[in-house]
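Please open the structure in a viewer and keep the sequence at hand. The tour below proceeds by selections, each followed by an account of what is found there.

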Amino acid sequence: MTAWRRHGIALAVVAVLILLTFRSDVADLAHIWWTSTTFGHCLFIGPVIAWLVWQRRAELAQLTPTGWWPGLALVAIGGFGWLMGDAASVGFARQLGLIMMLQGAVVTILGPNVARGLLFPLAYAFFLVPFGEGLEPPLQTVTVAIVMPLLHFVGVPAVVDGVLIHAGRYYFEVAEACSGSKFVIAMVAFGVLVANLCFVTWQRRTVFLVVSVVVPVIANGFRAFGTIWAADLTSVEAATGIDHIVYGWVFFALVMAGVLAIGWRWFDRAPDDSAFDPAKLQVTPRHRTDLAIATALALATVAAFPAWSAAIASRAQPLPRAYRPSRDPRLASRSR
């Protein structure tokens, strides 16, 4: 059996056991991806990661996987993050810890050379974790700041109170769903992917990422303005009906196409360029370990944190149903 097959089977076994151990967190992630309009793009992150790995298959075949026990540090960091999230009932920390444990398993079982070759796909896995809901309030403010001057420019009388806009005959609220946060979050994931695939220099990658954030924010402001203006010209029912269709099916596609069109001229990476140079990664890593030992250590490290959580939970004392003050006169006299 070849080295890649042995290490691949070991990694698959460890990954499956991790997912089964933390199946409640996996179920929570899947529920968020499937039901949330803000994080629906996370459904595509897994297939994108698989495609990125497949793109690198020729280069990876030139590397030799090896067990590497320092990778356990990443597993332990992820496990400790999960433990803190479990203790504090913070879903984000548990989910981030789960992803980091999976990343650590890859580094531990395949070794540092392969991990460097898979650096971008491994890092891109962070987008599997839902994050960014805190962007909604500031983006609401930005949307209002864009809408108001445009309404005045076209002659629609409008006043604003926070996120409430009185324009013409109607009142509008720039609600969380209208802040554009879900498109900004999705565009960040899209922009990072395009920046890696289409650019070589970090300066161009940085500029493209900035454009990927700024363009959807501005476009969302114009969309909100167009909805209010259309309502003033026709009716609020007609304007919001059109807005839902455009906002859900057309808007994001147009924004993505616009961002790609802006960056197209400055793409400096050819489509057939290698993702990495395997010759630069052909080094003998220090701290190598046997595959069986690396697999066992990874599983033991992962198992330690649920066991730790269970031990803490077993020591918890139930709270009394009702508080009864002490009838001891000595304690009563001390409290006076």
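## The whole chain

Begin with the entire protein chain, whose secondary structure comes to 14 helices and five strands. The model is a predicted one. Of the chain's 336 residues, 41% count as buried. Consider next the contacts between residues at least 6 apart in sequence: 79% of them join residues at least 24 apart.

## First selection: helix H1

Select residues 3–21, which make up helix H1. This helix has 19 residues, and the distance from its first C-alpha to its last is 27 Å, close to the 27 Å expected at 1.5 Å a residue. Now highlight His-7, Ala-10, Leu-11, Val-14 and Ile-18, which are buried in H1. When the view is turned to look down the axis of H1, its buried residues fall within an arc of 100 degrees, so they line one face of the helix. To see what they pack against, add strand E1 (67–68), H6 and helix H13 (291–314) to the display.

## Second selection: the salt bridges

The structure holds two salt bridges. Which residues are linked in the network that they form? Select Asp-25, Asp-28 and Arg-94, which are linked in a network of salt bridges.

Look at Arg-94 and Asp-25 to begin with: their closest N and O atoms are 2.8 Å apart. The pair links distant parts of the chain, since Arg-94 belongs to helix H6 (residues 91–110) and Asp-25 to helix H2 (residues 23–35), 69 residues apart. Both Arg-94 and Asp-25 are buried.

Then turn to the salt bridge in which the side chains of Asp-28 and Arg-94 meet, at 3.9 Å from N to O. Here too distant parts of the chain are linked, with Asp-28 in helix H2 and Arg-94 in helix H6, 66 residues apart. Is Arg-94 buried or exposed? Its relative accessibility is 15%, and Arg-94 therefore counts as buried. Asp-28, with a relative accessible area of 32%, is partly exposed.

## Third selection: the hairpin of E3 and E4

Select residues 164–167, strand E3, which pairs with E4 in the antiparallel sense over four bridges. One of the residues to mark is Ala-167, whose bridge partner in E4 is Tyr-170. Two residues lie between the strands of this hairpin, and Gly-168 takes a positive phi near 60 degrees.

Next, display the side chains of E4 (residues 170–173), which alternate along the strand. Tyr-170 and Phe-172 point to one face and are buried. Tyr-171 and Glu-173 point to the other face and are not buried.

## Fourth selection: aromatic rings

The structure holds ten aromatic pairs. Among them, select Phe-199 and Phe-267, an edge-to-face pair with 5.1 Å from centre to centre and 90 degrees between the planes. Phe-199 lies in the loop between helix H10 (181–198) and helix H11 (202–233), and Phe-267 in the loop between helix H12 (236–264) and strand E5 (288–289), so the pair ties together parts that are 68 residues apart in sequence. Phe-199 has a relative accessibility of 2% and therefore counts as buried, whereas Phe-267, with a relative accessible area of 25%, is partly exposed.

To end the tour, select Phe-120, Tyr-124, Phe-127 and Phe-131, which form one aromatic cluster.

Methods: Residues are numbered from 1 along each chain as its sequence is written. This is a predicted model: local features need pLDDT of at least 70, side-chain atom pairs count only at pLDDT 80 or more; totals for chains, interfaces and linings use all residues. Side-chain values use heavy atoms; hydrogens and water are left out. Buried means under 20% relative accessible area, exposed over 50%, partly exposed in between (1.4 Å probe, protein chains only). Two strands pair if DSSP finds at least two bridges between them. A salt bridge is a side-chain nitrogen of Lys or Arg within 4 Å of a carboxyl oxygen of Asp or Glu. The expected span of a helix is 1.5 Å times one less than its number of residues. The arc is that of the directions from the helix axis to the C-beta atoms. Contact means heavy atoms within 4.5 Å. Rings of Phe, Tyr and Trp (its six-membered ring) pair if their centres lie within 6.5 Å; planes under 30 degrees apart count as stacked, over 60 as edge-to-face and the rest as tilted.
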